[in-house]
Amino acid sequence: LGSHRILGCSTYGRAELVREALHPEVRADYLGSGSVFATATKQSSVPKGVEHIMPLRNLISQEAGQRDVPLVAIGGVGAGNATKCIEAGADGVAAVSALLGHSSVGGTRTATAEMLASVQKALSSRSLLQQS
């Protein structure tokens, strides 16, 4: 892949996949959480809820050693629940249907701006809490 690649791996919330993705031969740069909420994009996925994010975040931190490996919440994430993912320990979110399910470019633009603003606010709040 080359030295300048950025590699993300899906873990489906499974410990063995976290370990494999962080193995020195793979060395993922970020990890996906597995479905947090129900989603039409991957109907066969079983949503795990935000409750699985912090244990997964802790496992990643433990397995990554000195490396900072972000956790991205995925699966049914939208403007209304993205903040919950960040508050639960995710470092970012990935969304498909919540952004692309609009009938107009303006709707997509608005949804994207709202989600970005809510995620940035939640990350900022978390940063302030960690500093105090």
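So, how many helices and how many strands are there in the chain? There are 5 helices and 4 strands, where a helix is a DSSP run of H or I with at least four residues, a strand is a run of E with at least two, and both are numbered from the N terminus.

Before I go on, two bits of housekeeping. This is a predicted model, so local features need a pLDDT of at least 70 and side-chain atom pairs count only at pLDDT 80 or more, while totals for chains, interfaces and linings use all residues. Residues are numbered from 1 along each chain as its sequence is written, and side-chain values use heavy atoms, with hydrogens and water left out.

Okay, the overall layout. Reading from the N terminus, the elements go β-α-β-α-β-α-β-α-α. The radius of gyration is 15 Å, close to the 14 Å that the globule rule gives for 132 residues, so the chain is as compact as a globular protein of that length. That radius is taken over C-alpha atoms, and the globule rule is 2.2 Å times the number of residues to the power 0.38. If you like box dimensions, the C-alpha trace spans about 45 × 40 × 30 Å along its principal axes.

Now burial. Of the 132 residues, 36% count as buried, meaning under 20% relative accessible area; exposed is over 50%, and partly exposed is in between, with a 1.4 Å probe and protein chains only. The chain exposes about 8000 Å², and carbon and sulfur atoms supply 55% of that. Those areas come from the Shrake-Rupley method with a 1.4 Å probe, and for residues only the protein chains shown count as cover. As for contacts, meaning heavy atoms within 4.5 Å, residues 24 or more positions apart account for 47% of the ones with a separation of 6 or more.

Let's go inside. The largest nonpolar core has 27 residues, and those with the most contacts inside it include Val18, Leu22, Leu31, Ile53 and Ile60. By nonpolar core I mean a set of buried Ala, Val, Leu, Ile, Met, Phe, Trp, Tyr and Cys residues joined through side-chain atoms within 4.5 Å. Who supplies this core? H1, H2, strand E3 (71-74), H3 and H5 each put in at least two residues. The largest share, 5 residues, comes from H2. Take Ile60 as an example: leaving aside residues up to four places away in sequence, Ile60 touches Val18, Leu22, Leu31, Val69 and Leu71.

Next, charges. Side chains of opposite charge can pair when their charged atoms come close. Here a salt bridge is a side-chain nitrogen of Lys or Arg within 4 Å of a carboxyl oxygen of Asp or Glu, and by that rule we get 5 salt bridges.

Start with Glu63 and Arg19, whose side chains meet at 3.3 Å, N to O. Glu63 sits in helix H2 (residues 53-64) and Arg19 in helix H1 (residues 15-22), so this pair ties together parts that are 44 residues apart in sequence. Both ends are partly exposed: Glu63 has a relative accessible area of 30%, and Arg19 comes in at 42%.

Then there's Arg126 with Asp91, a salt bridge at 3.1 Å, N to O. Arg126 is in helix H5 (residues 105-131) and Asp91 is in the loop between helix H3 (82-87) and strand E4 (92-94), so here the parts being tied together are 35 residues apart in sequence. Is Arg126 buried or exposed? Buried, at 19% relative accessibility, whereas Asp91 is partly exposed at 28%. Add Arg57, and you have Arg57, Asp91 and Arg126 linked in a network of salt bridges.

One more of these: Glu16 and Arg14 pair up at 2.8 Å, N to O.

Staying with H5 for a second, Thr108 is in that helix too. A polar atom of the Thr108 side chain lies 3.1 Å from the backbone oxygen of Leu99.

Last stop, the loop between E2 and H2. Gly49 lives there, with strand E2 covering 30-35, and Gly49 is buried at 14%. Gly49 and Phe37 are 12 residues apart in sequence but 5.7 Å apart in space, C-alpha to C-alpha. Thr39 is in the loop between E2 and H2 as well, and Thr39 is buried at 16%. Not counting residues up to four places away in sequence, Thr39 touches Gly75 and Gly76.

Technical notes. Polar contact = N/O pair within 3.5 Å; in protein donor to acceptor, adjacent residues only side chain to side chain.
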